[in-house]
Amino acid sequence: VPACPVSCAVCSEDAVICQRLANIIDAADSTQALLLTEGSISVVQQASLSVLRNITVIGLSSNHISELSEDAFRNLPFLHTLLLDHNLLTSQALQGGALINLSQLEVLALGHNHINMIQAGWFTGTKALLSLKLEGNLVTRLNPGSFPLNDFRSLETLDLSDNLIDFLDRNSFRGLVSLRSLDLSRNRLSSVPPEAFSYLVWLSNLNLDLNSWNCTCELLELAAVLTSFIQEPDKALYNGRRMMCVSADNPAVTTVLELTEANCVPSNQNITVQIEARGSVAPQQYARDLAIAAVICFLGGVALTLLAVLICYHVSQQRLKEERDKDRT
């Protein structure tokens, strides 16, 4: 057994468990578990691990790893758990092919790194993968090719929580035919195409909590899908009743599951009434209107005067006629 640094808790033929190391130390050929955490390891080269033909678990969590050589984990036929979480890995660091053809790998932890996108080619050949953890990264969108069928046919658990995801394509999860648990909580989703979950026939646990849901009528179909989902006995929507709306047309709707056909129309529709201002009449128009009104009033007064004169004249003539007829008799 190689010499064991003082910061190591275990150095045996089967396991090496150390903390606060700056490099990957030599381990016995028979080592099955190598856990080097909370150190300052920055690069993983093949030479560091190539002799560990019996290794099954590699844990390099909480280091400063920003670079993986293309063949860092090659020729490790029994490797089934690889923990690279809480490091400085970027999308560019994973493009080199370090994670391809890990045919026996079942658990891959890449959480809390600096990954801002997911490409299908990173995981080519990882057909045995059961759990993929990508929480706490900088991923913004999931495209149709993010999880291709051939590489993720066996995947059962996918954790994408605590990212910056604001876009899902309807085919984002099409290749995850065996997925049972999906965590999309603490992202920036305002809406999701309901078809995105239609391919997940085995899905039993779904978490969409703490997103930026915009509860308009466009979200109505998703609300119906989620409502049907939680009504099945073997399905669980984590904190489904607390999927709070950041915005909504109807103030009575506060959570996604409250959105129905009956209340997707705003309860108080804003009615705009246009009122033309009459107080801003031009002085010329005001004078003209005043003159017309005066003329109308004058003509009306003359007409009334003439009508009164005519009535009086008619009455006087009628009286004269009556007196003449009386004198004749």
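This section describes the fold, the nonpolar core and selected loop residues of a predicted model.

The secondary structure of the protein chain comprises 4 helices and 17 strands. Of its 329 residues, 38% count as buried. The accessible surface of the chain amounts to about 18400 Å², and carbon and sulfur atoms contribute 54% of that area. Among contacts in the chain with a separation of 6 or more, 57% involve residues 24 or more positions apart.

An open sheet of 11 strands is present, with mixed pairing and the order β1-β2-β3-β5-β7-β8-β9-β11-β13-β14-β16. Its edge strands are β1 (8–11) and β16, each of which pairs on one side only. On average, neighbouring strands of this sheet are turned by 5° against each other, direction ignored. Helix α3 lies across β14 (205–207) and β16, and its direction is at about 120° to that of β16.

The pairing can be followed strand by strand from the β1 edge. Strands β1 and β2 run antiparallel and are joined by 3 bridges; Cys11 has Val16 of β2 as its bridge partner. Strand β2 in turn pairs with β3 in the parallel sense, over 5 bridges. Val16 has a bridge partner in β3 as well, namely Leu34. Strand β3 is joined to β5 (residues 57–59) by 3 bridges, and these two strands run parallel. Here the bridge partner of Leu35 is Gly59 in β5.

The side chains of β3 alternate along the strand. Leu34 and Leu36 point to one face and are buried, whereas Ala33, Leu35 and Thr37 point to the other face and are not buried. The two bridge partners named above in β3 thus differ in their side-chain setting: Leu34 belongs to the buried set, and Leu35 to the set on the other face.

The largest nonpolar core contains 78 residues, of which Phe73, Phe173 and Leu184 touch the most other members. At least two residues of this core are supplied by each of β2, β3, α2 (91–94), β15 (213–215) and α3 (220–231). Helix α3 gives the most to the core, with 5 residues. The surroundings of Phe73 can be listed in detail: beyond residues up to four places away in sequence, Phe73 touches Val44, Leu49, Ile58, Leu68, Leu79, Leu82, Leu84, Ala98, Leu99 and Leu102.

Asn137 is found in the loop between β9 (131–133) and β10 (141–142). With a relative accessible area of 3%, Asn137 falls under the 20% limit and is therefore buried. A polar atom of the Asn137 side chain lies 3.4 Å from the backbone nitrogen of His114. The backbone nitrogen of Ile115 lies 3.1 Å from a polar atom of the same side chain, that of Asn137. When residues up to four places away in sequence are left aside, Asn137 touches Leu110, Gly111, His112, Asn113, His114 and Ile115, together with Asp162 and Asn163.

Two further loop residues were examined for their backbone conformation. Most residues other than glycine have a negative phi. Arg20, although not a glycine, has a positive phi of about 55°. Arg20 is placed in the loop between β2 (15–19) and β3 (33–37). Its relative accessibility is 57%, over the 50% limit, so Arg20 counts as exposed. Asn239 likewise has a positive phi, near 55°, in a residue other than glycine. The location of Asn239 is the loop between β16 (236–238) and β17 (245–248). Because its relative accessibility is 21%, between the limits of 20% and 50%, Asn239 counts as partly exposed.

The loop between β17 and α4 (283–328) contains Asn263. Asn263 and Asp249 are 14 residues apart in sequence, and their C-alpha atoms are 9.4 Å apart in space. Apart from residues up to four places away in sequence, the residues touched by Asn263 are Asn250, Val253 and Glu258.

Note on methods:
Residues numbered from 1 in each chain as written. Predicted model: local features only at pLDDT ≥ 70, side-chain atom pairs only at ≥ 80, totals over all residues. Heavy atoms only, no water. Buried < 20%, exposed > 50% of the residue type's maximum accessible area, 1.4 Å probe, protein only. Contact = heavy atoms within 4.5 Å. Core = buried A, V, L, I, M, F, W, Y, C linked by side-chain atoms within 4.5 Å. Polar contact = N/O pair within 3.5 Å; in protein donor to acceptor, adjacent residues only side chain to side chain. Pairing = 2+ DSSP bridges. Axes fitted to C-alpha atoms, helices over the stretch in contact; angles between N-to-C directions. Areas by Shrake-Rupley, 256 points an atom, 1.4 Å probe, with all protein chains shown as cover.
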